[in-house]
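Reader: I'd like to go through some of the labels in this one and hear the reasoning behind them. Can we take them one at a time?

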Amino acid sequence: MLTATMVLAFVFGFALSIALIIIRPDGLDPHKRLYKVVDFFVNMIRSFPIIILIVAISPLTRTIVGTTIGEKAAILPLTIAATPFIARIFENAFAQVDKQLIEAARSFGASNMQIVFRVMVKEAVPSLVAGMTLTTISYLAATTIAGAVGAGGLGAVALNYGYQSFNNTILYTAVIILCIMAQIIQGTGNFIYKKVK
């Protein structure tokens, strides 16, 4: 559930972040009104608590996935929630790239897409890795919340077989597994960050 969510959210979030960095008021091809509209929707989706979003878009989930219960059904709302989160992190990473590098590339006749992929993405790779690590850990927590509304996974195990069954062994075992997973994700992210820094 987490892996599928992160892969899909990375693809869509990366594409959205490129659109945002291009059309933002100080971007490569500014479109102030369009940016305001996209920015509004990004902020609106980011503001939804994940459990509310899962319930709110359940008709859409049923239409696309065929069910609102289970791990596959949780992937859609988790991806919808994670995409603008990643897009905002990536947009900020791109915005931190030295403007002189961008101007130098533009003076050599580079197109907007060439500037994005050959300058901005290349320079922002460490920040992108750090952002993905942060997002993955955040949405590890979100997958456990999704377990409360029938998504399954460790959250459902901890809630149904641990908390509701008064079985502290299962509850704390699930918590320990989640902590170990978070440490593995952070450790992997730190390793990749050092390699690309």
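Author: Sure. Let's start in helix α5, where Glu91 and Arg88 sit 3 residues apart, about one turn of the helix. Keep in mind that this is a predicted model.

Reader: What makes Glu91 and Arg88 a salt bridge?

Author: Their closest N and O atoms are 2.5 Å apart. The cut-off is a side-chain nitrogen of Lys or Arg within 4 Å of a carboxyl oxygen of Asp or Glu, so the pair qualifies. Salt bridges that share partners then join Arg24, Asp26, Asp39, Arg88 and Glu91 into one network. The structure holds 4 salt bridges.

Reader: Why is Glu91 called buried?

Author: Its relative accessibility is 1%, and buried means under 20%, so Glu91 gets that label. Arg88 is buried too.

Reader: How do you know that Arg24 forms a salt bridge with Glu91?

Author: Same kind of check: the closest N and O atoms are 3.1 Å apart, and the limit is 4 Å. Arg24 lies in the loop between α1 (2–23) and α2, while Glu91 is in helix α5 (residues 71–95), so this pair ties together parts that are 67 residues apart in sequence.

Reader: Arg24 also pairs with Asp26. Are these two residues buried or partly exposed?

Author: One of each. Arg24 has a relative accessible area of 16%, so it counts as buried, given the cut-off of under 20%. Asp26 comes out at 48%, so it is partly exposed, since exposed would need over 50%. The closest N and O atoms of that pair are 2.6 Å apart.

Reader: Now the surface. What makes Met44 eligible for the nonpolar patch?

Author: Patch members need over 30% relative accessible area and no salt bridge. Met44, in helix α2, has 33%, so it passes the area test and is called partly exposed. The patch also includes Val37, Phe40 and Ile145, with about 680 Å² of accessible area for the whole group.

Reader: Which helices supply at least two residues each?

Author: α2 (32–47) and α3 do. The largest share, 4 residues, comes from α2.

Reader: Last one: why is Ile57 called buried?

Author: Ile57 is at 16% relative accessibility and the label needs under 20%, so buried it is. Ile57 is found in the loop between α3 (50–56) and α4 (58–65). Not counting residues up to four places away in sequence, Ile57 touches Pro77 and Ile80.

Notes. Residues are numbered from 1 along each chain as its sequence is written. This is a predicted model: local features need pLDDT of at least 70, side-chain atom pairs count only at pLDDT 80 or more; totals for chains, interfaces and linings use all residues. Side-chain values use heavy atoms; hydrogens and water are left out. Buried means under 20% relative accessible area, exposed over 50%, partly exposed in between (1.4 Å probe, protein chains only). Contact means heavy atoms within 4.5 Å. Patches are made of residues with over 30% relative accessible area and no salt bridge: like charges are joined within 9 Å, nonpolar side chains (Val, Leu, Ile, Met, Phe, Trp, Tyr) within 5 Å. Accessible areas come from the Shrake-Rupley method with a 1.4 Å probe; for residues, only the protein chains shown count as cover.
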